Amino acid sequence: MAKFLCVCGDTIQVSGDIPHPYQWNLLSDVDFDRHSGTVDADELYLQTTLMFRCPQSDHLWIYWRGPEHPPSLYSPGDDGQTQS
Ligand SMILES: [Zn+2]
């Protein structure tokens with residue numbers, strides 16, 4: 001998954017710059033709550049879910065099942081509301 005095509009036509013590179021400008025690392029509140037006190041950033045990173053936000057269209061691509069599976073697409077709504 002070195003890159004993929006967003007529905008807007010923009011190509012999203014998923015490797016390259018570190019830190020990646022379009023990559024977000026999601027962590028559920030439940031997983032976050034398992035940590036207390038000082039946190040190991042590398043350990044925390046491994047528990048996050050990868051998300052890429054298209055810089056052109058704001059579409060969100062989330063790898064819920066890991067980077068070896070296709071991402072789920074979330075589209076921004078015209079009025080700021082989420083769409084399914
Ligand atoms: Zn896009």
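A residue counts as buried when its relative accessible area is under 20%. By that cut-off, β4 is mostly covered, with four of its five residues buried. The model described here is predicted.

Strand β4 belongs to an open sheet of four strands, arranged in the order β3-β4-β5-β6 with antiparallel pairing. At the edges of this sheet lie β3 (23-26) and β6 (72-74), each of which pairs on one side only. From one strand to the next, the twist averages 25 degrees. Strands of a sheet pair through backbone hydrogen bonds, in either a parallel or an antiparallel sense.

The table lists two of the pairings in which β4 takes part.

| Strand pair | Sense | Bridges | Residues opposite each other |
|---|---|---|---|
| β3 and β4 | antiparallel | four bridges | Trp24 and Met51 |
| β4 and β5 | antiparallel | three bridges | Arg53 and Leu60 |

On one side, then, β4 is joined to β3 by four bridges, and Met51 in β4 is the bridge partner of Trp24. β4, residues 49-53, also pairs with β5, residues 60-62, over three bridges. Here Arg53 stands opposite Leu60 in β5.

What do β4 and β5 form, and how many residues lie between them? The two strands form a hairpin, with six residues between them. One residue in the turn, Asp58, has a positive phi of about 70 degrees.

Technical notes: Residues are numbered from 1 along each chain as its sequence is written. This is a predicted model: local features need pLDDT of at least 70, side-chain atom pairs count only at pLDDT 80 or more; totals for chains, interfaces and linings use all residues. Side-chain values use heavy atoms; hydrogens and water are left out. Two strands pair if DSSP finds at least two bridges between them. Axes are lines fitted to C-alpha atoms, for helices over the stretch in contact, and angles run from 0 to 180 degrees between N-to-C directions. Buried means under 20% relative accessible area, exposed over 50%, partly exposed in between (1.4 Å probe, protein chains only).
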